[in-house]
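I sat down with this chain and a fresh notebook page. Here is what I looked up, in the order I got to it.

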Amino acid sequence: MTEAAPLTIQRIAIFPLPGAVLFPGLHLPLHIFEPRYKAMVQEVLARDRQIGMIQPRQIPGEEFVEPPALYEVGCVGRIVDVEALDEGRFNLVLEGVARFRVRRELDVTTAFRQVEAEIETEAEADAVLASIERASLEREAKRFAARQGYVVDWDSVGQLDDATLVNGIAQVAPFDAAAKQALLEASPIDARAELVVQMMQFFGRFDGDDGRATLQ
C-alpha cells in the first residue's frame, strides 16, 4: 500500500482463510460453517456487512501457534449475496471494496478476530494503465490462457476497465497463495499489472513430461 493513498481508520472483523485472496472489485464465494464465523456473519450483517479477508502468515517455528500471525495487507469485502442454511450456516458472496493494512489486533470478547485497520478510500477502478501496458497485459494473458487450455471471451475482456482486468487475472489465475498475496500488496495498479505479467510468464511454463504448468 502506498503512503500517498487516502486512508480511513476502521474496526473490521477478519476472516483469516488460507488460500482465499480477495481483490478490489472482484467477487469471492464463501461457505460459512465454523461456529466463530457463523457468529461473525450474524454480527456484520447487523452492522456494516463487511468482512476483512486476510491471509494467515506461516512463520518458521510457529506453525502451530494459535491464533496464527497475519499478513499486513488484506481486502475488505462487502456481503452482496447471502443464503441462510440450516444449522446457522451461510453461503455468501463478498465483493472486494478496498485494500487494508492492519494497524493492530484488537482485544475482543468475540470468538472471531477483529483489527484496527487503515483502509484505502481511493477507488482502484479510477486507475488507468498506459496503452502499451494494457496491450502487454492482454497479450500475455492470451498466451497464458492458451497454455492452460482456458476458453476466454476476449471481446468481453477487452471491455473491462484496467483495474478490473488486472485484479481479475490476479484473483482467478492459478497462482499460489504467496504469489496472490504479493499481487495484492503491489501498488499502484501499473506495478500490479507488471507483476501479473511476470507471474503469468513464471507460472505458465510447461512441464516437459505432462504439459502442466510448473515452477521448475
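The entries below go from the overall layout to strands, salt bridges and helices.

**Entry 1: the layout**

I started by reminding myself that this is a predicted model. I then asked for the secondary structure, and the protein chain came back with six helices and eight strands. Reading along the sequence, I wrote down the pattern β-β-α-β-β-β-β-β-β-α-α-α-α-α.

Next I looked up burial: of the 216 residues in the protein chain, 41% are buried. I also checked the contacts with a separation of 6 or more, and 68% of them are between residues 24 or more positions apart.

**Entry 2: the strands**

I went to strand β6, residues 73–84, and looked for its partners. Strand β3, residues 50–54, runs antiparallel to β6, and four bridges join the two. To have a register to hold on to, I noted that I51 has G77 of β6 as its bridge partner.

On to β7: how many bridges does β6 share with β7? I found 11, again in the antiparallel sense. Here A84 is matched with F90 of β7. The two strands form a hairpin with five residues between them. I looked at the turn as well, where E87 has a positive phi of about 60°.

**Entry 3: the salt bridges**

I searched the whole structure and got 14 salt bridges. I opened a few of them.

The pair R99 and E120 has its closest N and O atoms 2.5 Å apart. What does this pair tie together? R99 sits in strand β7 (residues 90–105) and E120 in strand β8 (residues 114–120), so the bridge links parts that are 21 residues apart in sequence. I checked accessibility for both: R99 is buried at 0%, and E120 is buried at 8%.

I then took R113 and E105, whose closest N and O atoms are 2.7 Å apart. R113 is buried, with a relative accessible area of 13%, while E105 is partly exposed at 36%.

I also wrote down a network of salt bridges linking R103, R104, E116 and E118.

The last one I opened was E140 with R147, at 3.6 Å between the closest N and O atoms. E140 is buried, with a relative accessible area of 4%, and R147 counts as partly exposed at 32%. I kept these two names in mind for the next entry.

**Entry 4: α6 and its helix neighbours**

I looked up helix α6, residues 189–203, against helix α5, residues 177–185. Their axes come within 9 Å and cross at roughly 165°. Angles over 145 degrees count as roughly antiparallel, so α5 and α6 are roughly antiparallel to each other. I noted the crossing as right-handed. Which residues make the contact? On the α5 side I listed A179, A182, L183 and L184, and on the α6 side R192, L195, V196, M199 and F203.

Then I turned to helix α2, residues 131–148, whose axis comes within 10 Å of that of α6 and crosses it at roughly 25°. That makes α2 roughly parallel to α6. The crossing of α2 and α6 is left-handed. The contact residues of α2 include E140 and R147, the pair from my salt-bridge entry. Facing them, α6 contributes residues including A193, V196 and F203. V196 and F203 are also among the α6 residues that touch α5.

**Entry 5: what covers α5**

I asked which residues of α5 are buried, and got A179, K180, Q181, L183 and L184. The cover over the buried residues of α5 includes β6, β7, α4 (162–172) and α6. I was glad to meet the two hairpin strands again here, β6 and β7.

**Entry 6: a look at N167**

My last stop was N167, which lies in helix α4. Is N167 buried or exposed? It is buried, with a relative accessible area of 0%. I then listed its contacts, leaving aside neighbours within four places in sequence: F23, P24, L26, E124, I189 and R192. R192 was already in my notes as one of the α6 residues in contact with α5. Finally I checked N167 against A193: the two are 26 residues apart in sequence, and their C-alpha atoms are 8.4 Å apart in space.

Technical notes: Residues are numbered from 1 along each chain as its sequence is written. This is a predicted model: local features need pLDDT of at least 70, side-chain atom pairs count only at pLDDT 80 or more; totals for chains, interfaces and linings use all residues. Side-chain values use heavy atoms; hydrogens and water are left out. A salt bridge is a side-chain nitrogen of Lys or Arg within 4 Å of a carboxyl oxygen of Asp or Glu. Buried means under 20% relative accessible area, exposed over 50%, partly exposed in between (1.4 Å probe, protein chains only). Two strands pair if DSSP finds at least two bridges between them. Axes are lines fitted to C-alpha atoms, for helices over the stretch in contact, and angles run from 0 to 180 degrees between N-to-C directions. Angles under 35 degrees count as roughly parallel, over 145 as roughly antiparallel, 65 to 115 as roughly perpendicular and the rest as oblique. A crossing is left-handed if the near helix is turned anticlockwise from the far one by less than a right angle, and right-handed if clockwise. Contact means heavy atoms within 4.5 Å.
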